[in-house]
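Student: Please take one part of this model and go through it closely. I would like the open sheet that begins the list, then how it ties in with the rest.

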Amino acid sequence: MNKRISLFAFLFILCFAIRSQTRNVRHYTINEGLANNAVYSIFQDVKGRMWFGTIDGIHSFDGNGIRVWRDERISSLGSSIYTIREDDRQRLWIGSDQGLALFNLQTESFSTFDGQTVSGVKINTPVSHIMLDRKKTLWIGTVGQGLFHYDPHADKLYQYTALGKINSDYISYILEDSSGTIWVATMNAGVSRFVPSEDLFQQVAADGVKNTITLFEDSRRNLWVGSSGNGLYLLEKKDERLVQKLKPSDAKGVLQVRSMVEWIPGELLIASDEGLTSYNIVTGEDKTLRSDSRQANGLNDNYLQTLFVDREQALWVGTYFGGVNYVPPTG
């Protein structure tokens, strides 16, 4: 099994490194219609369209062309689009530097989210991440107002702040694992776990890394934590302990882990400032692929922001200077 996984890793690297007409990495930049080459978020809607959140607005891509969407009447539709999710009513929830906006996929129109808590609190700070859980309710992370939980069926909004409900008001990422547990990464206080019976979040690995950016659960139910400045960690759920797996000080280490996916079974793909890293979750072997100006059909930027695997198992890579890089399915 380990040999098979290693072979997959080898083939993954080759798919970028070898010039092949069938496996070229395609680049979607300002030359193809993006308003800006800095891409923070990528999502695929129920219709199959791809959505790109950039530093200058939200874009859709239908396979033929890129369209930039704007509506100056919606003040919460900011310029920097950090996160995009779809609910079960065919609405896109768009988090930006100006808050939270909605896009109706049926009417193709924007609207403002007017929800408020029982105490009258509305979302009026940047929205960093949105997660739709298995109950079809939304968890909304903000930069300054903590975490919100919205039940669209009951139209109720709840807030979790650092005043007794969660360990930080600065949220980076929200994840629901295979057991239904909600985990939250924060910008300055590590990782928290939701305790439904107490209706609050408890900090885990309190003596561990504080500046966490992203979370990912792999096919073996391992929970991975990406940090800003300290590389990659494995969160051992049993004793809630963080174990560092990739260190910035290593020869091929990574500093900022911004996004993770498992594109090939057993291989964790990591987006960072150092390029695209493949990490074998069994052996711990890692390989990092960097852009090469001599190779026109490889990655065109090392500063990677986000990773997304679509329904056809193609890989989309959002970069800071190179727009979106598209890698066809492996087989």
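Tutor: What follows starts with the chain as a whole, then turns to the sheet, and then to other parts.

The model is predicted: local features need pLDDT of at least 70, side-chain atom pairs count only at pLDDT 80 or more, and totals for chains, interfaces and linings use all residues. Residues are numbered from 1 along each chain as its sequence is written, and side-chain values use heavy atoms, with hydrogens and water left out.

First, the frame. The protein chain holds one helix and 28 strands. Both are DSSP runs, numbered from the N terminus: helices are H or I with at least four residues, strands are E with at least two. The C-alpha trace spans about 60 × 50 × 30 Å along its principal axes. The radius of gyration is 19 Å, which agrees with the value near 20 Å for a compact globule of 331 residues. That radius is taken over C-alpha atoms, and the globule rule is 2.2 Å times the number of residues to the power 0.38. Of the 331 residues, 54% count as buried. Buried means under 20% relative accessible area, exposed means over 50%, and partly exposed lies in between (1.4 Å probe, protein chains only).

Now the sheet. Four strands form an open sheet, in the order β6-β7-β8-β9, with antiparallel pairing. β6 (81–86) and β9 (109–112) stand at the edges. Each has a single partner strand, so one side of each is left without a neighbour in the sheet. Neighbouring strands are turned by 25° against each other on average, direction ignored. Axes here are lines fitted to C-alpha atoms, for helices over the stretch in contact; angles run from 0 to 180 degrees between N-to-C directions.

Take the pairs in turn. Two strands pair if DSSP finds at least two bridges between them. β6 and β7 (residues 91–96) pair in the antiparallel sense over five bridges. One of the bridge partnerships joins I81 to S96 in β7. At the other edge, β8 (residues 99–104) and β9 pair in the antiparallel sense over four bridges. There, A101 has T112 in β9 as its bridge partner. β8 and β9 form a hairpin with four residues between them. In that turn, E108 has a positive phi of about 55°.

E108 also leads out of the hairpin. D45, R49 and E108 are linked in a network of salt bridges. A salt bridge is a side-chain nitrogen of Lys or Arg within 4 Å of a carboxyl oxygen of Asp or Glu. By this rule the count comes to 14.

Another hairpin makes a useful comparison. Strands β4 (residues 57–61) and β5 (residues 66–69) run antiparallel and are joined by four bridges. I58 has W69 in β5 as its bridge partner. Four residues lie between β4 and β5 in this hairpin, and G63 in the turn has a positive phi of about 100°.

Next, another open sheet of four strands. Its order is β14-β15-β16-β17, with antiparallel pairing. The edges are β14 and β17 (200–204), each with a single partner strand, so one side of each is left without a neighbour in the sheet. Neighbouring strands here are turned by 30° against each other on average, direction ignored. β16 and β17 pair in the antiparallel sense over five bridges. In β17, Q203 is the bridge partner of S192.

Strands of this sheet also take part in salt bridges. R134 and E176 meet through their side chains (3.1 Å, N to O). This pair links distant parts of the chain, 42 residues apart: R134 is in the loop between β10 (127–132) and β11 (138–142), E176 in strand β14 (residues 171–176). The side chains of E240 and R193 meet in a salt bridge at 2.7 Å, N to O. They are 47 residues apart: E240 is in the loop between β20 (232–236) and β21 (241–246), R193 in strand β16 (residues 191–195).

A further salt bridge joins D239 and R241 (3.6 Å, N to O). D239 is partly exposed, with a relative accessible area of 45%. R241 counts as partly exposed too, at 43%.
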